[in-house]
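Trainee: Could you walk me through this one? I'd like to quiz you as we go.

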Amino acid sequence: MPDKNVEIVVEDDRTGMDPVVLQRAFLDHVRYSQGKHPATATGHDRFMALALMVRDRLIQRWMATQECYYRADAKRVYYLSAEFLLGRALKNNLLNTGIYEDCKRALGDARVDLDALLEEEVDAGLGNGGLGRLAACFLDSMATLGLAGYGYGIRYEFGIFEQRLADGFQVERPDEWLRFGNPWELVRPEYTVTVQLGGRCEETQDARGRFHVRWIDTQKVLGVPYDTPVAGYGTLNVNTLRLWRARASAEFDLDVFNKGDYVRAVEDKNASETISKVLYPSDSSMAGRELRLKQQYFFVACAVADIVRRYKKTHATFEQFPDKVAIQLNDTHPAIAVVELLRVLLDEHDLPWDQAWDLTVATCGYTNHTLLSEALERWPVTLFERLLPRHLQLIYEVNRRFLRQVMNRWPNDGVRAARMSLIEEGAEKQVRMAHLAVVGAHKVNGVAALHTELLKRDVLHDFHEMMPERFTNKTNGVTPRRWLLACNPRLSSLITERLGEGWPKDLDRLEGLTAHADDPDFRRRFTAVKRANKADLVAWIRAEYGVAVAPESLFDVQIKRIHEYKRQLLNALHVVGLYLRAKRDPSVLAVPRTFLFAGKAAPAYRMAKLIIKLITAVAEVVNGDPTVPGLKVLFLPNYSVSLGEKLFPAADLSEQISTAGKEASGTGNMKFSLNGALTIGTLDGANVEIREAVGPENFFLFGMTADEVLQRKREGYHPRDHYDRDEELREVLDLIASGYFSVGTPGLFQPILENLLHHDPFMVLADYRAYADCQAQVSEAWKDEDRWARMAVLNVARMGRFSSDRTIREYAEEIWRASPVTVTLDAAD
């Protein structure tokens, strides 16, 4: 007879972690959430059921997290970003919650292939590149470190466009990532925010003679929040990404509708909801620029209102606001947050100017991500006057007070004052958003050591001279959970076998692999992992594109946004040079090469799109020439986080070849090295620190330094001199000019050639010879398999400092002054 005193514990189907419970919960969601019998459920049905099962377990932790944050009265960090390039979430959530293996076993018992379900998920493409992917890594690290972190952005109906190739040209298609629903998000209509646009300002005085401004006669748009849980690894903390969807304040004008004017009845609704339709509408027209500014203000206004609402729930005054709130601006897109917070404190909470401004500055931090002056946003004053009249008033007043400080420091230096002004004078007066962010933040950081030094020396020199204490460096990092543990399970298993389980949360432990770099058996197994990853990529390329790639060839990979300064063009010119040499002497390809390119060009960026066409044209010729069987070139369309997860583990050589002094940091360079690829690169961005970490002997360096680039430009740069002096370079450019790669349209690539020979703003021709010679060194190193393996092992071993956990810890300690909070599940009860 059973012992009546024995307590039988049955795990709840919503939160239980036992494999039997996981399987039962999954099948329940197939039936009752998807409305399907398990035998007839589609792959998508099974994916949705599994995602909802995982979300159930996240929600328990999510609720506990919020309760613990409130109990601790924790300082909350709000990360404002126009982009969050999340990628797929299912595998990451399975790993971070610690149920990946149990889930795989439970699904296997139900004859369901977990790997197949993972492929059913659509990428959440809410970003264009490194900026958005960095934001996603930072959210992961904040949750993992136990910080009370929140992401704020826009719930774009259409993400970054889907890229297709038509006759080698980029063609953009809408990215309908929400077509089949998003299982991870929860709509929170009770926290809807009303956002104002347009209108006019009315100045009044109260009975005590105090000055007030009312922003009236405005158009109103509703911001509806959608929350996504962000799980930490090896912790119960689950933070929140809150994305805002724009809705009209009224569905439509019923009176107008009833009178038969159906179009006008809904046009206001459509105009309002366009705000959250698409990521980065083209700014080549005034309508596009206006929409971009509306987008930026929309999500910032929603975020600030939400931040203040949450703070006021537990605090009667604003005295503690900077002690309980940190707002981080991810580049200049959310810079309007400075004046929006100021406006809210002044106009809605009646704080005096000095207090409101001091609170604003003490709360905000600004991360700069660019050294390109054209990428530092400026908005026409006329556009501000029309859309944000109250904010323009405040910007003028901030500027007046700030320029008074500048003139006190440097009397009679009107040129300096003009340089530092928040308003750029000229034919069209413009608001300088980067200057606003610098003046309105207590800390300004670059994202790599070199980048920060160049900010202080060049781009923001005047501000650094005036306020040096505000400037600091926070070198970017990547989350090892997604970019090693999840995307490279073979290498992860090998590392765990040697170092134990703790490294995904403490990446500095990878240093322990250094002792194994000289172990022949470890190098052999490390090389076997790389070969297996390459074989997977080869199989995928054949299945997707019908192209055969030699897995034993050196995989030379450049994957990043297509931009002239990133110099995909330099890579392509070298491919043509190698092709010409191989046609004369096949022994040149003693080391077979497969060149892989991927990346998207902005729809209005004609030169970048023409570079894609050149790469695809070169690929068509090279791949079809039987005299060079050791050379293959592929441009893989529609680059995404998921495609990156296939390419990083398989790469042998990482192309980080931007013009020195142009790349802020880069994070792809870190992902490649973390997965055992060697780098060929310039001393630009985080390359400098990566080379320092892995050792100069384990990094293929070429090209001019940032100082040398600047000096060449000062002296007068004549790109044609390189064409005249370098026989191979001349032959390469002449071959392109001849129409060899553009039969039928011989002048197709003339804009590229004209730009290179007469302008070459990013020094492609100046660095060509050094790059080609360095590539020859790569080939020599590849011939020595043991040497290459040792170099690759050391790259992995020395990447600990490039974890986003380290970056976020530095932000928390030195900028946000935020401390971790331990979460316990009893708080969810």
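Trainee: Let's start with the six-stranded sheet: in what order do the strands of the open sheet with parallel pairing come?

Mentor: Before that, note that this is a predicted model, where local features need pLDDT of at least 70 and side-chain atom pairs count only at pLDDT 80 or more, while totals for chains, interfaces and linings use all residues. Residues are numbered from 1 along each chain as its sequence is written, and side-chain values use heavy atoms, with hydrogens and water left out. Strands here are DSSP E runs of at least two residues and helices are H or I runs of at least four, numbered from the N terminus, and two strands pair if DSSP finds at least two bridges between them. The open sheet has 6 strands, paired in parallel, in the order β22-β21-β20-β23-β24-β25.

Trainee: Which strands stand at the edges there?

Mentor: Look for a strand with a single partner, because one side of such a strand is left without a neighbour in the sheet. That picks out β22 (631–635) and β25 (700–701).

Trainee: And in β23, what is the bridge partner of Asp-556?

Mentor: Strand β20 (residues 554–559) runs parallel to β23, and 2 bridges join them. Asp-556 is bridged to a residue of β23, namely Leu-653.

Trainee: Following β23 onward, is Thr-659 buried or exposed?

Mentor: Thr-659 sits in the loop between β23 (653–656) and α25 (668–674). Beyond its neighbours within four places in sequence, its contacts (heavy atoms within 4.5 Å) are Tyr-565, Arg-567, Asp-684, Val-709, Phe-762 and Met-763. The classes are buried under 20% relative accessible area, exposed over 50% and partly exposed in between, using a 1.4 Å probe and protein chains only. Thr-659 has a relative accessible area of 1%, so Thr-659 is buried.

Trainee: Over to the sheet of 3 strands: which are its edge strands?

Mentor: This open sheet is antiparallel, with the order β15-β17-β16. β15 pairs with β17 (residues 430–432) over 3 bridges, and one of the bridged pairs is Trp-379 with Val-431. The strands that pair on one side only are β15 (378–380) and β16 (423–424).

Trainee: Helix α9 lies across β15 and β17. How is α9 oriented relative to α11?

Mentor: Two packed helices are described by the angle between their axes and the distance between the axes. Axes are lines fitted to C-alpha atoms, for helices over the stretch in contact, with angles from 0 to 180 degrees between N-to-C directions; α9 (residues 286–312) and α11 (residues 337–348) pack at about 45°, 10 Å apart. Under 35 degrees counts as roughly parallel, over 145 as roughly antiparallel, 65 to 115 as roughly perpendicular and the rest as oblique. So α9 and α11 are oblique.

Trainee: What about α21 and α32, how do they lie relative to each other?

Mentor: The axes of α21 (residues 520–545) and α32 (residues 785–797) come within 10 Å and cross at roughly 85°. That angle therefore makes the two helices roughly perpendicular.

Trainee: Last one: which residue takes a positive phi in the hairpin of β5 and β6?

Mentor: β5 (residues 162–166) and β6 (residues 169–173) run antiparallel, joined by 5 bridges, with Arg-164 opposite Val-171. The hairpin has 2 residues between the strands, and the one with phi near 55° is Asp-167.
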